Every structure is written in C-alpha cells, then in structure tokens.
Amino acid sequence: MTPAARLSAAIDLLCAIEAAPRRPADATANNYFRERRYIGGGDRRVISARIWDVLRQWRRLHWHLRDIPGGPSPRTLCAASLILGGEEIGTVRNLFNGERFAQSHLTSREDAALAALGGRELNHPDMPQPVRLEYPDWLQPYLERAFGETLEAEMAALDNAAPLDLRVNLLKGHRDEAIRALRNEQIQASPTPLSPWGLRLPGRQNVTATQSFREGVIEIQDEGSQLIVGTLDAKPGERVVDFCAGAGGKTLAIAMGMENKGQIVACDVSAPRLEGAVKRLRRAGVHNVERHLLTSGDKWVKRRAGAFDRVLVDAPCSGTGTWRRNPDARIRLVEQDIIELQAKQADILDRASTLVKPGGRLVYATCSLLAEENEAQVAAFLARNDQFERVAAGGDMLPEKLRGESGFALTPLRDETDGFFAAVLQRRAG
C-alpha cells in the first residue's frame with residue numbers, strides 16, 4: 001500500500017472505532033482487518049500504529065483542534081497527529097491527494113486548521129494536566145488519592161506503549177528453551193524481571209504465528225497478570241476456582257502451577273468467553289479444568305460452599321491499569337462506571353468467598369489503579385466478614401521482593417508491568 005492508502009485506511013478504521021464507542025478498539029480493529037485480508041501484515045502494523053498513536057494523543061489532539069467548528073474529524077485527528085509528530089504540512093497535504101485508495105483533498109477549513117499546527121509540539125504548556133496526561137477531568141481526585149505527589153510521573157508512564165509479555169508454559173517447556181525457539185524464528189525475547197515464567201519482547205510482534213505459540217509453549221500474558229497467579233499459590237492436587245475466568249488466561253497459568261493435578265473450575269457469566277477458553281486449554285495441554293457458566297438463579301455457588309482450597313476473584317474493573325495497551329479505554333470510561341463497578345465487585349467478592357473452605361485462601365485482584373476498587377474494596381469486605389483475614393503471600397511462584405506481603409499494587413512506573421492489584425485473604429480455620 002502507498003503511504004496515502006495506509007493513511008486512508010487508518011482514517012476509515014478510526015471512523016469505525018468512533019461509530020462503536022463502547023466497543024474496545026482492538027476488537028473493532030481485528031474485525032476491520034479480518035474483513036480486509038488483502039491488507040498485508042506490514043501494512044496492518046503501520047495502520048495500527050497510526051491509530052494507536054491517535055488514541056494515545058486523543059485529548060491533546062482535540063485540544064489543539066478545539067477551534068474547528070463541530071469538532072475534529074478522524075481525518076483531521078490523523079493528520080494533526082502526523083504534523084505534531086514532526087511531519088511537514090506539505091507532506092501531509094500530499095497524502096490527501098484524491099487518487100485511488102487515498103483520501104480526498106483537504107477542505108479549506110481542514111487545511112487552515114492543520115496549517116496552524118506547523119511548528120507546534122504535541123505537548124503545550126497551556127494544557128491542563130488531565131489533557132496533557134490523557135485522563136478524564138473527573139478522574140483527578142481518584143488519581144490523587146491513589147498516587148499523591150507521584151501522579152504526574154505515574155500517568156506519564158501509563159501513556160507509553162507497552163512491551164509484549166509472554167508466559168512460558170512449564171507443562172511443555174522451560175524459559176531458556178522458549179527463548180532459543182523464538183530466536184530461531186527471528187524473535188528476540190528476554191526474561192521478565194519479576195515473573196519466573198515471563199518473557200518480554202520490545203514491541204508488538206506476531207507471536208501467534210510461531211511454532212512455540214501453536215504448540216502451546218508460550219501464551220500472551222502481561223507480567224503483572226502472571227504474578228497474580230503467583231499470589232494464589234495453588235498446589236498440585238488442590239481444588240481451585242477461577243471465579244471470573246473470562247477466556248482463561250489465568251486459568252492456564254494456575255493449571256501450570258498445579259502441574260495439571262487437582263481440579264480447577266473456570267467460572268464466568270459470559271458463555272462466549274468461556275467457550276473461547278477451550279482452544280487455549282487444548283493448545284496448552286491442560287486437562288484438569290472444567291468450565292461453569294454462572295447464570296441468574298444458579299445454585300452452583302451455594303451447593304459448593306466451603307469446598308475449595310483456593311479461589312481467585314479477578315474482578316471486573318475500570319481497567320485503568322491497562323491503558324498502555326488499551327488507550328481507547330480512557331476515552332470510554334465515565335464516573336458512573338466506577339460507581340457501578342464498586343457495587344458489582346463487592347457482590348462478586350461476597351459470593352465467591354463462600355466457596356473457600358476453612359483455612360483456604362481467597363485472592364482478590366483487579367487491573368485497576370484506583371483505591372476505590374482495590375484497598376477500599378478489601379477493607380469493606382473484611383469489615384463485613386470477620387471469617388477472613390489478610391495473610392502474607394508465599395510460595396516459590398512469586399519473586400522474593402513480593403513474598404511476605406499480603407498482596408501488591410503494581411504500576412508501569414514502579415514495576416514496568418501493567419497496573420495490577422492483588423490482596424491475599426484467608427478464611428479462619430476456627
């Protein structure tokens with residue numbers, strides 16, 4: 001594809017993303033490229049990079065283009081991102097040349113607005129802090145409570161593109177073997193600093209096409225997500241519930257730690273998500289997992305009260321810790337979401353806790369940075385449920401720096417992972 005055709009495709013994709021504001025951008029992008037299989041891998045990477053740049057710069061681009069009547073369009077947003085990234089206005093004009101597969105010529109209004117950006121930088125000293133750091137205005141007090149004086153540094157780190165993390169499946173190989181196998185396919189991977197099974201790649205790469213992925217030796221999973229499984233410390237032969245399993249990413253890692261021995265029940269309220277786990281479980285060689293769909297009026301939880309050694313609650317949350325990978329999520333998030341999520345998290349935690357047997361452990365986890373979804377949620381649970389207490393995470397599935405604590409809060413700035421929270425609770429034996 002020509003540069004003009006690539007830009008035109010990026011604009012079309014951004015239009016599709018704007019047309020589905022509550023749908024994750026990566027899902028829209030996957031569908032877009034699936035319907036256009038004629039777009040090659042190299043072109044897809046360039047188009048995707050352009051879109052993700054625009055999404056990361058969303059509030060700043062709108063600030064620069066705030067005087068456009070009716071607001072900026074996908075055309076002006078993509079063009080402004082190029083100009084504020086250092087491209088000359090003349091070069092950008094040539095990309096809107098009206099030729100086949102290219103966008104039509106800039107209108108006089110578009111041209112004037114874009115020409116005014118010449119010589120400017122993306123970050124401007126007059127920008128309010130939430131605009132410059134790309135988060136909603138209403139989120140300011142939440143972030144101040146979470147980070148205090150480090151707010152600016154934390155949010156700046158969250159605005160960077162994330163590396164690609166993998167988890168090595170110890171049921172099928174070891175980390176050094178996986179590094180060598182990936183190197184043979186021209187993919188350079190290095191050990192993650194915290195997870196004993198993690199590998200890190202410097203950027204987005206097509207690892208799903210590798211033999212290691214096809215054979216289930218590696219799985220895509222952020223290092224922080226791997227460490228949450230470490231806090232659960234499930235042992236071979238135990239009975240475990242992954243209460244909000246989704247498509248089974250953490251379920252796979254739990255099974256690996258249990259050496260395929262014992263029983264894991266992967267629960268979720270979404271049938272498509274649970275169905276999506278089947279192929280992953282098969283590829284990973286996992287056979288000690290059964291799936292259960294949680295439905296309204298379901299008696300499964302009540303009938304299995306006190307039956308499990310370990311229960312993981314990876315609760316639905318704001319996802320603020322994943323903004324490096326999902327920059328569009330910060331655009332979709334509204335304050336009402338936080339209010340509704342807190343009630344949902346409390347309800348899920350209460351129901352899941354009944355599954356834990358005396359002396360058993362419950363891990364509450366989120367990919368949120370907000371205290372309201374993390375420490376405050378755990379404190380409220382303990383206040384209404386004196387059968388549980390916080391205990392130290394242990395076992396050799398965690399790096400030494402995280403052992404001995406009753407959980408952790410990870411951030412991109414401090415830990416080079418996505419933002420994750422985990423708290424380890426235990427049901428009193430008496």
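**Close-up views of a predicted model**

The side chain of Arg50 makes a polar contact with the side chain of Ser81, at 2.9 Å, in a model that is predicted.

**View 1. Arg50 and its surroundings in helix H3.** Arg50 is part of helix H3, which covers residues 41-56, and with a relative accessibility of 18% Arg50 counts as buried, because buried means under 20% relative accessible area. When residues up to four places away in sequence are not counted, Arg50 touches Ala10, Cys78, Ser81 and Leu82, and with Ser81 there is also the side-chain polar contact of 2.9 Å.

**View 2. The two residues annotated as a binding site.** In an unreviewed UniProt entry, the annotation "binding site" covers Asp268 and Asp314. Although these positions are spread over 47 residues of sequence, they cluster in space, with a largest C-alpha distance of 10.6 Å.

**View 3. Asp268 at strand E6.** Asp268 lies in strand E6, which is made of residues 263-268, and Asp268 is buried, with a relative accessible area of 5%. Leaving aside neighbours within four places in sequence, the contacts of Asp268 include Phe243, Cys244, Ala245 and Gly246, and further contacts of Asp268 are made with Arg273, Leu274, His292, Leu293 and Leu294.

**View 4. Asp314 at strand E8.** Asp314 is found in strand E8, residues 308-314, and at 18% relative accessibility Asp314 counts as buried. Apart from neighbours within four places in sequence, Asp314 is in contact with Cys244, Lys250, Ala365 and Thr366, and the side chain of Asp314 makes a polar contact with the side chain of Lys250, at 2.8 Å. Cys244 is thus a residue to look for in two of these views, as it is listed among the contacts of Asp268 and among those of Asp314.

**View 5. The largest nonpolar core.** This core has 39 residues, and those with the most contacts inside it are Leu13, Leu14, Ile51, Phe96 and Leu114. The elements that give two or more residues to this core are helix H1 (3-19), helix H2 (25-34), H3, helix H4 (58-64), helix H5 (74-84), helix H6 (89-95) and helix H7 (108-115), and the largest share, 8 residues, comes from H1.

**View 6. Leu114 and a second core.** Not counting residues up to four places away in sequence, Leu114 touches Thr76, Ala79, Ala80, Ile83, Ile89 and Leu106. A second core, separate from the largest one, has 38 residues, among them Ile228, Ile254, Val289 and Phe408.

Notes:
Residues are numbered from 1 along each chain as its sequence is written. This is a predicted model: local features need pLDDT of at least 70, side-chain atom pairs count only at pLDDT 80 or more; totals for chains, interfaces and linings use all residues. Side-chain values use heavy atoms; hydrogens and water are left out. Helices (H or I, at least four residues) and strands (E, at least two) are DSSP runs, numbered from the N terminus. Buried means under 20% relative accessible area, exposed over 50%, partly exposed in between (1.4 Å probe, protein chains only). A polar contact is a pair of N or O atoms within 3.5 Å; within protein, one must be able to donate a hydrogen and the other to accept it, and residues adjacent in sequence count only if both atoms are side-chain atoms. Contact means heavy atoms within 4.5 Å. UniProt positions are given in the numbering used here, feature names are shortened, and annotations may be inferred rather than shown by experiment. A nonpolar core is a set of buried Ala, Val, Leu, Ile, Met, Phe, Trp, Tyr and Cys residues joined through side-chain atoms within 4.5 Å.
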